[in-house]
2 protein chains.
Amino acid sequence: MKFDVAITIGLKEGMLDPEARAIRHALSNLGFSTESLATARVFQVSLEAQDRDEAYARAEEMCARLLANPVIHRYRIEVSS
Amino acid sequence: MKFDVAITIGLKEGMLDPEARAIRHALSNLGFSTESLATARVFQVSLEAQDRDEAYARAEEMCARLLANPVIHRYRIEVSS
């Protein structure tokens, strides 16, 4: 069965995010005031799995082994079929 | 009133995504087979606005003026209060 998995990877609370800071600054220069701004990456993966749990577990392993750095990143996995 | 706006910016259909291709290749080398993989960026913005419509419109203008390149990007805006 085919599953669509959205893996969102962001920085852990308290980590410095210089890119977000620069974007916030640029937005402010354009007249957009924001209270906060954080950046994250999304990997939209389509994969074959027996069931939803297997798809979730595979995505989690992908994060652990390649996509995320456990020291600085937190991630969220959403599975839809 | 404060609104949390999630702006997801990805490549338009048909645009080459060399990063996604490299990641898919690396995942495959680790034994993870995927049918497709796409990347996107998320900007999680917190801002003041009168109502949901204003928050949405402000986010849309941010995309048009700074965050997205209309030639290659498509974006999705989700507002929550």
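**Exercise 1.** Identify the salt bridge that Glu19(B) makes with chain A, and place it within the polar part of the interface.

*Solution.* The side chain of Glu19(B) meets that of Arg41(A) in a salt bridge, with 3.1 Å from N to O, where the term requires a side-chain nitrogen of Lys or Arg within 4 Å of a carboxyl oxygen of Asp or Glu. The rule finds 2 salt bridges across the interface of chain B and chain A. This is a predicted model, in which local features need pLDDT of at least 70 and side-chain atom pairs count only at pLDDT 80 or more, while totals for chains, interfaces and linings use all residues. Side-chain values use heavy atoms, without hydrogens and water, residues are numbered from 1 along each chain as its sequence is written, and chains are lettered from A, and ligands numbered from 1, in the order in which they are written.

**Exercise 2.** Describe how helix H2 of chain A lies against helix H1 of chain B.

*Solution.* Begin with the axes (lines fitted to C-alpha atoms over the stretch in contact, with angles from 0 to 180 degrees between N-to-C directions): those of H2(A), residues 52-67, and H1(B), residues 18-29, come within 11 Å and cross at roughly 105°. The two helices are therefore roughly perpendicular to each other, a label covering 65 to 115 degrees. Next, list the residues in contact (heavy atoms within 4.5 Å): Met62(A), Leu66(A) and Leu67(A) meet Ile23(B), Ala26(B) and Leu27(B).

Methods: Helices (H or I, at least four residues) and strands (E, at least two) are DSSP runs, numbered from the N terminus. Angles under 35 degrees count as roughly parallel, over 145 as roughly antiparallel, 65 to 115 as roughly perpendicular and the rest as oblique.
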